[in-house]
Amino acid sequence: MTNKQPAAATPQTIVVVGTGYVGLPAALMLAKAGHKVVGVDINENLVRAINEGVMHIRESELQTLMDDPTVKANIHAQSTPCEGDVFIIAVPTPLDERKKIAEMVYVDDAVRSIIPFLRPGNLVIIESTIPPLTCREHITPMIEEATSLKVGETLYLAHCPERILPGDIFHEIVHNDRIIGGINEITQEKAAAIYASFVKGQLFKTDDITAELAKLMENSYRDVNIALANEFNAVAETLGIDGRGVIELANRHPRVNILMPGIGVGGHCIPIDPWFIKEIDPANSRLIFTSRLINDEMPHRIAAKIRHAVRGVSSPRIIALGAAYKPNTEDLRESPALEIVELLREDGYDVQHYDPLVEGMGYTSLLELARDADMLAILIAHDDIISELERSRSEVEQVMRTPIIYRY
Ligand SMILES: NC(=O)c1ccc[n+]([C@@H]2O[C@H](COP(=O)([O-])OP(=O)(O)OC[C@H]3O[C@@H](n4cnc5c(N)ncnc54)[C@H](O)[C@@H]3O)[C@@H](O)[C@H]2O)c1
């Protein structure tokens, strides 16, 4: 591994395949840095929006970046790839829910779609999160079997995983350190030069397998630590004491930093990526596997708590608040809040679900939503919801039929 910082690449034509949360911000940054960028997406609405300068990710700085004249002049979107110097693949890698392995169909389709346009000297960068060995044992043969190119010699293949936090993408995409995993040294240099165009964090050059595993380790580390917090909290509950309070006290130890328990783990990465390690080495991922089970079980535990809280109320009317996978974002992906509501509805409970940050989820005001309700279940504590509750708690309780306010 080396982190000697390279010079930024001279302007190139960069084809970014997949213009979602990861691909579009990278495309905009590259365009701002002076590269000619072609954003490719199978979603025609997204292609149109990009060409019209409309940002689909709710972050004002990204809209500002999109409005920048240099960016506008350098970026264009279309639904199929074309020739270029560099190809960046940023398509989804969801979980195959039945087999609990990476669903590679989007990456495979994306790689197949660029194959007709690959020329000697091109660089292909996979930003999608992928199981270890994918570059060497899956993508390399796909390219070599379909072309006369030789990966590492006439075509350069790298895995440069992304670690942005939705909600703070604009800052993180520039300032986070980044792993540049190239199949050989020359690839690492070429890929690092591309990221040096806009990344101010350090670029760490390494091989592709190390990069693939490092990305998965990061999210597994988070998952295992959340599971530990959830387990501690459950033990505290058994003892009838306040789990969060115990954790806060334990964290007064100078070398302890336990996370806080939650209703489950959501988002595009943490609940999915640990499975990719288990996929590749099940014998050595027992802790990772157990943590996944603990966190996946949380929505069921929370649904059980809500059922218990309304057990004395006939035909309870439950208002669930917060649908995103974590506070202060509109991102619904893998959201445990959605799962909790679904579990309760399956059991026949009358649950209405609102989120002030999610378009179309009908949020008005706490006072209005709480009217004649038997329970307010705050599943995701967006700052807006909590400050509104703090301001108007007594009025809210007065308009409820049964004033049960639940917050995990
Ligand atoms: N969102 C995050 O915070 C985050 C962070 C780090 C890593 N990742 C990883 O990055 C990858 C992309 O995630 P994302 O959040 O940007 O997903 P996304 O769903 O927001 O965007 C992916 C885009 O790819 C498009 N697409 C799918 N197949 C395509 C194809 N064959 N050709 C062209 N476009 C295609 C989709 O229409 C979509 O717009 C995933 O592997 C994810 O795990 C995501």
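Colleague: What makes a residue part of the shell around the ligand, and which are the closest?
Modeller: This is a predicted model. A residue is near the ligand if one of its heavy atoms lies within 4 Å of it. On that basis, 26 residues surround the ligand. The closest are Y21, V22, D41, T93 and T129.

Colleague: What makes the pair between T93 and the ligand a polar contact?
Modeller: The cut-off is a pair of N or O atoms within 3.5 Å. An oxygen atom of the ligand is 2.6 Å from an N or O atom in the side chain of T93. That pair therefore meets the cut-off.

Colleague: What part of V22 and of T129 does the ligand approach?
Modeller: The backbone, in each case. A ligand oxygen is 2.9 Å from a polar backbone atom of V22. For T129, a ligand oxygen is 3.0 Å from a polar backbone atom. Of the 830 Å² of accessible area that the ligand has on its own, the protein covers 90%.

Colleague: Which classes of residue make up the shell around the ligand, and which helix gives the largest share?
Modeller: The shell has 14 nonpolar, 7 polar and 5 charged residues. Helix α5 (residues 105-114) gives the largest share, 3 residues.

Colleague: Why is V22 called partly exposed?
Modeller: Its relative accessible area is 24%. Buried means under 20%, exposed over 50%, and partly exposed lies in between. So V22 is partly exposed. With only the protein chains counted as cover, the ligand plays no part in that label.

Colleague: Where is V22, and which residues is it in contact with?
Modeller: V22 is found in the loop between β1 (13-17) and α1. Leaving aside neighbours within four places in sequence, V22 is in contact with A90, E127, E162 and I164. V313 is 291 residues from V22 along the chain, and their C-alpha atoms are separated by 46 Å.

Colleague: Why is S291 called buried?
Modeller: S291 has 4% relative accessibility. The limit for buried is under 20%, so S291 counts as buried. Its place is in helix α12 (residues 286-309). Beyond four places in sequence, S291 is in contact with D223, V224 and A227.

Colleague: Is T206 buried or exposed, and how do you know?
Modeller: Buried. T206 has a relative accessible area of 10%, and the cut-off is under 20%. T206 sits in strand β10 (residues 203-207). Neighbours within four places aside, T206 is in contact with I179, I180, G181, G182, Q188 and A211.

Colleague: Why is V256 partly exposed?
Modeller: The relative accessible area of V256 is 29%. That value falls between 20% and 50%, so V256 is partly exposed. V256 lies in the loop between α10 (243-250) and α11 (273-280). Not counting residues up to four places away in sequence, V256 touches A250 and N251. From V256 to I404 it is 35 Å, C-alpha to C-alpha, and 148 residues in sequence.

Colleague: What makes a group of residues a nonpolar core?
Modeller: The members are buried and joined through side-chain atoms within 4.5 Å. The largest nonpolar core has 43 residues, of which L28, I88, I125 and Y195 touch the most other members. Helix α1 (residues 23-32) supplies the largest share, 7 residues. A second, separate core of 36 residues includes V15, F87, M104 and L216. In soluble globular proteins, nonpolar side chains tend to be buried together.

Colleague: Which residues is I88 in contact with?
Modeller: Neighbours within four places in sequence aside, I88 is in contact with I14, V15, V16, V17, L30, I125, E127 and Y195.

Key. Residues numbered from 1 in each chain as written. Predicted model: local features only at pLDDT ≥ 70, side-chain atom pairs only at ≥ 80, totals over all residues. Heavy atoms only, no water. Polar contact = N/O pair within 3.5 Å; in protein donor to acceptor, adjacent residues only side chain to side chain. Areas by Shrake-Rupley, 256 points an atom, 1.4 Å probe, with all protein chains shown as cover. Helix = DSSP H or I, 4+ residues; strand = E, 2+ residues; numbered from the N terminus. Nonpolar A, V, L, I, M, F, W, Y, C, P; charged D, E, K, R; others polar. Buried < 20%, exposed > 50% of the residue type's maximum accessible area, 1.4 Å probe, protein only. Contact = heavy atoms within 4.5 Å.
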